[in-house]
Amino acid sequence: MTIDQGIAGMTTQADPTETSSSAELTPEAQPREMVFDVADLSVFYGSYRAVRDVNFKVLRNEITSFIGPSGCGKSTVLRCFNRMNDLVDGPRVEGSLRYHGVDLYGETVNPVEVRRRIGMVFQKPNPFPKSIFENVAYGPRIGGIRKKAELDDIVERSLRRAALWDEVKDRLGNSAMGMSGGQQQRLCIARAIAVDPEVILMDEPCSALDPIATARVEDLMREIKSDYTILIVTHNMQQAARVSDATAFYSTEVNPDSDVRTGLLVEFDRTEKIFANPGDERTENYITGRFG
Amino acid sequence: MASEVASSSPNQEALREALSGANLQRSRRVRNGAASVAMVVAFLMAAIPLAIMGASVVSKGIGVVLTADWWTKPIPADVGRADLAGNEDLGNLGFGDAADTTDKSVDLGMQPAIVGTLLTVLGASALAIPIGVLGAVYLNEYGRQNRPARFIRFMTDVMVGVPSVVMGVFIYSIWVVARGTDGKSAFAAALALACLMLPIVVRSTEEMLRLVPNSLREASAALGTRRVGTTLRVVLPAALPGITSGALLAVARAAGETAPVVFTIGIVFSTNLSFTGQNTTLSAQIYSQIQNGGSLATSLAWGSAVTLVAMVISLTLAARAISRRLVNK
């Protein structure tokens, strides 16, 4: 059954451009709300500029993917969107990163509140060493929901949304650590959904999963994008082509004098444009596999 | 095609010879043998005294420990006189006139010291474990590598190495002396043992908190949790088995300490269940009974030693069982 679903998902995705091209046909008729507006964003570690020249806009209910070679700063930029970089000895951010017009790095912004609205799914599935139920109920509990009935309802809804309910409904009390990697990752998505965020950031969510589990997560992303806005970092170009509406291609530039590598945004456009007719030679080289 | 592949290499015999190691240099084989012998000898040198010590403690002490009296009766205050009374020769020499009691068989009980040990260790744990765990949480979750944290970490390392007698003198001078005749108590001993346990608890807890993967902290933070919430709901529960086993090892260490206790606890012969008033512990009894001398006092000391070793081993086994649970998780 799981494989059937996976295959069914793969066949429905046969035309990855369908949804986005129809969206592009009517951009004026239904102007989409802009969720993020990134302008001249640079990320510094001390005086070292790790990423520069990031400019793009993210539209509501779209999937925006970040692609590019390792070390080009995709994840670093993604982690700016929910101030996750603050947790470690944080890099400094210059430029503006506006969320519905509010600068996320403004002085009055509390990162905790940002993260309630902008959830995240990580590269490696990282369920808490607790039961499946407790994993999903964690966020709502933090948010102050105490009533068991309400939590039950949220947990079921979130697990159903993450296409996991049928597999785990009889063992909600079991430890999440006993699940397969793909299940754990969908549990992490359910956990992120449970706090009802507006945006979900995904940092290479499928890189630790096998192709079938990957297909299920991709189905899930297409399924939930009607409710959420998704930003995804991926090493898998096919994945970006399959699921995303818009694509940002990042690359690195080596300063020949100092040998310092800096990541930069090379090109941002609709996904079908990036893959069919890229505007920059570097993008073309990368997606055709001629990247040096 | 397949038939053209040779079934065996022409040099097979040479290869077999080489792989057998027969050509190893003689000196290498000798050095290898010598190292093996040295290691076995070193192991025996470490293990044999331990085995002898264990066997002698158990054989000398197990007799009194396996009686009901040991666990229920007060400590005989007049073991010296009973000893003399039991020794006809000494009695005939006139030493025994004070001990004209015909009751040669005193009850060899140790209940006051068993209770006192549990009481002081419990008190010390109640003081040191919460403070130590909170301190470790500060070091690992908040301070990390900042100046105060590095200073505290350094001072904790120093405190781990401070001889336990110093802790005893410290509490004696600031607590016992200040309170005069009421100074010596189970509480004072608990304070001294807590000083001893605190750095151990801090360091072991910090190690356990460090083992909690950062990805869990990130997962929690990404759901909009403050650091307090992440620490209480994710980090501490994940580290709990390890923290517990580290704390139990500190408890075991404290239970066996003598020096901090003899300064601070006084002496008592009947069970005192209170933190106030003088008390006694197994380790203090070993110390004072051996000084008393005489065969009865000595057997009290050996019995105390067996009891103490049994308590410490139980705690250590509990700690290991708990950390095994952590590994299996």
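**Close-up views of a two-chain predicted model**

**View 1. A:Asp86 pairs with A:Arg83.** A:Asp86 is partly exposed, with a relative accessibility of 32%. The model shown here and in the other views is predicted. A:Asp86 forms a salt bridge with A:Arg83. Their closest N and O atoms lie 2.9 Å apart. A:Arg83 has a relative accessibility of 10%. Buried residues fall under 20%, so A:Arg83 counts as buried. The bridge thus links a partly exposed acid to a buried base. Over all chains, the count of salt bridges comes to 37.

**View 2. A salt bridge within helix 4 of chain A joins A:Glu113 and A:Arg117.** Helix 4 of chain A covers residues 111-117. Both partners sit in this helix, 4 residues apart, or about one turn. Why does that spacing suit a side-chain pair on one helix? An α-helix has 3.6 residues a turn, so residues three or four places apart point the same way. The closest N and O atoms of A:Glu113 and A:Arg117 are 3.4 Å apart. A:Glu113 is partly exposed at 29% relative accessible area. A:Arg117 is also partly exposed, at 41%.

**View 3. Helix 8 of chain A is largely enclosed.** This helix runs over residues 181-194. Of its 14 residues, 13 are buried, so the rest of the structure largely encloses the helix. Its length can be checked against its residue count. At 1.5 Å a residue, the expected span is 20 Å. The end C-alpha atoms are 20 Å apart, which agrees. Just after the helix comes A:Asp196, with a positive phi of about 55°.

**View 4. Chain B has 14 helices and 0 strands.** From the N terminus on, each element in the run is α. Chain B has 329 residues, and 39% of them count as buried. Its contacts reach far along the sequence. Take the contacts between residues at least 6 apart: 78% of these join residues at least 24 apart.

**View 5. B:Arg253 and B:Glu257 meet in a salt bridge.** The N to O distance between their side chains is 3.3 Å. B:Arg253 is partly exposed, at 36% relative accessibility. B:Glu257, at 13%, counts as buried. Elsewhere, salt bridges with shared partners build one network from B:Arg153, B:Asp157, B:Arg203, B:Glu206, B:Glu207 and B:Arg210.

**View 6. Chain B meets chain A.** In this interface, 16 residues of chain B are in contact with 26 residues of chain A. About 1,700 Å² is buried between the two chains. Carbon and sulfur atoms give 61% of that area. The chains share 2 salt bridges. One of them pairs the side chains of A:Arg79 and B:Glu218, at 3.0 Å from N to O. The interface also holds 5 residue pairs in polar contact, both residues being at pLDDT 80 or more. Which elements of chain B give two or more residues to the side that touches chain A? They are helix 10 (214-222) and helix 11 (227-256). Helix 10 of chain B provides the largest share, 7 residues. By type, the residues on this side of chain B are 7 nonpolar, 6 polar and 3 charged.

Technical notes:
Residues numbered from 1 in each chain as written. Chains lettered and ligands numbered in written order. Predicted model: local features only at pLDDT ≥ 70, side-chain atom pairs only at ≥ 80, totals over all residues. Heavy atoms only, no water. Salt bridge = Lys/Arg side-chain N within 4 Å of Asp/Glu carboxyl O. Buried < 20%, exposed > 50% of the residue type's maximum accessible area, 1.4 Å probe, protein only. Contact = heavy atoms within 4.5 Å. Buried area = accessible area lost by both parts, 1.4 Å probe. Polar contact = N/O pair within 3.5 Å; in protein donor to acceptor, adjacent residues only side chain to side chain. Nonpolar A, V, L, I, M, F, W, Y, C, P; charged D, E, K, R; others polar. Expected span 1.5 Å × (residues − 1).
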